[in-house]
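Dear colleague,

Please find below the structure that I am handing over to you. My account of what was found in it follows directly after.

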Amino acid sequence: MLAPEVIAREEIRHLLIEYVQCADGGRTGRMLELFAEDAVMEPTGDPACHGRDEIRAYFENAGRSIRRHMATPALRHHLSSVHIELTSAAEARTTAYFLAVTEIGPDHWGRYRDTLRKDGDSWRITRRLLQLEGRTPGGWLDRHEAARGDGTHGDGTLGDGTRGDGAGA
């Protein structure tokens, strides 16, 4: 029988992988279920999103931008160097690197810094810091920000929230 810590780590790793697959595949409803109802998402350069409704709106905006600014509206997120720290039987912190790729290659990259909580049988993201660390000049993220017209340098997709067909998170 596996130790509870090993099981928790694999459940959390599965959540992180499912998140990027849902985002890239356009399964917004399921992706949002991976967040706690009262989750906070803090994207670099943009206002924090409080709760699933604000998180959904943020990703839907990114999806509209992808359809508007990409010849092939697809974004693929690659997750690596996942570090999981179990702080209790029902709480954890994670850090993972992400790389977002479009039809022209690497677009933007950074880290997800998450706080998670066990909710019944499932882990949920309660706080996500989307830490943008770099971008390709002239890539989708730059076009997205130019279209917003606010001059910020936030990650319009947060490195994780767009559909594979570009229709939203």
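Leaving aside its neighbours within four places in sequence, Thr102 is in contact with five residues that may serve as a starting point for inspection: Met70, Ala74, Leu75, Asp107 and Trp140. Thr102 itself belongs to strand 4. Its relative accessible area is 9%, and Thr102 is therefore classed as buried, the limit being under 20%. Please bear in mind throughout that this is a predicted model.

A second polar residue deserves a similar look. Glu18 sits in helix 1 and has a relative accessibility of 15%, so Glu18 also counts as buried under the 20% limit. Its side chain forms a polar contact with the side chain of Arg30, at 2.7 Å. Once neighbours within four places in sequence are set aside, the residues in contact with Glu18 are Arg30 and Leu34.

As to the overall architecture, the protein contains four helices and six strands. Followed along the sequence, these elements give the pattern α-α-β-β-α-β-β-β-β-α. The protein has 169 residues, of which 46% count as buried. Among contacts with a separation of 6 or more, 58% are between residues 24 or more positions apart.

The six strands form an open sheet with mixed pairing, in the order 2-1-6-5-4-3. Its edges are strand 2 (49-50) and strand 3 (76-88), each of which pairs on one side only. Within the sheet, strand 5 (residues 105-119) and strand 6 (residues 122-135) are antiparallel to each other and pair over 12 bridges. One of the bridge partners can be named: His108 is matched with Arg135 in strand 6. Helix 1 (residues 4-25) packs on this sheet, where it touches strand 1 (35-43), strand 3, strand 4 (91-102), strand 5 and strand 6. The direction of helix 1 makes about 150 degrees with that of strand 3. Helix 3 (residues 51-69), for its part, lies across strand 1, strand 2 and strand 6, and runs at about 45 degrees to strand 1.

Turning to the interior, which residues have the most contacts inside the largest nonpolar core? They are Tyr19, Met41 and Ile55, in a core of 27 residues. Two or more residues of this core come from each of helix 1, helix 2 (28-33), strand 1, helix 3, strand 4, strand 5 and strand 6. Helix 1 supplies the largest share, namely eight residues. Another core, of eight residues, lies apart from this one and includes Ala62, Ile66, Met70 and Leu132. As general background, nonpolar side chains in soluble globular proteins tend to be buried together. Met70, a member of that other core, is also one of the contacts of Thr102 described above.

Finally, a word on the cysteines. Cys22 has a relative accessibility of 0% and therefore counts as buried. Cys49, at 5%, is below the 20% limit and so is buried too. How many disulfides does the count come to? The count comes to zero, the criterion being a pair of cysteine sulfur atoms within 2.5 Å.

Should you wish to begin with particular sites, I would suggest viewing Thr102 with its contacts, and then the side-chain pair of Glu18 and Arg30.

Yours sincerely

Key. Residues are numbered from 1 along each chain as its sequence is written. This is a predicted model: local features need pLDDT of at least 70, side-chain atom pairs count only at pLDDT 80 or more; totals for chains, interfaces and linings use all residues. Side-chain values use heavy atoms; hydrogens and water are left out. Two strands pair if DSSP finds at least two bridges between them. Contact means heavy atoms within 4.5 Å. Axes are lines fitted to C-alpha atoms, for helices over the stretch in contact, and angles run from 0 to 180 degrees between N-to-C directions. A nonpolar core is a set of buried Ala, Val, Leu, Ile, Met, Phe, Trp, Tyr and Cys residues joined through side-chain atoms within 4.5 Å. Buried means under 20% relative accessible area, exposed over 50%, partly exposed in between (1.4 Å probe, protein chains only). A polar contact is a pair of N or O atoms within 3.5 Å; within protein, one must be able to donate a hydrogen and the other to accept it, and residues adjacent in sequence count only if both atoms are side-chain atoms.
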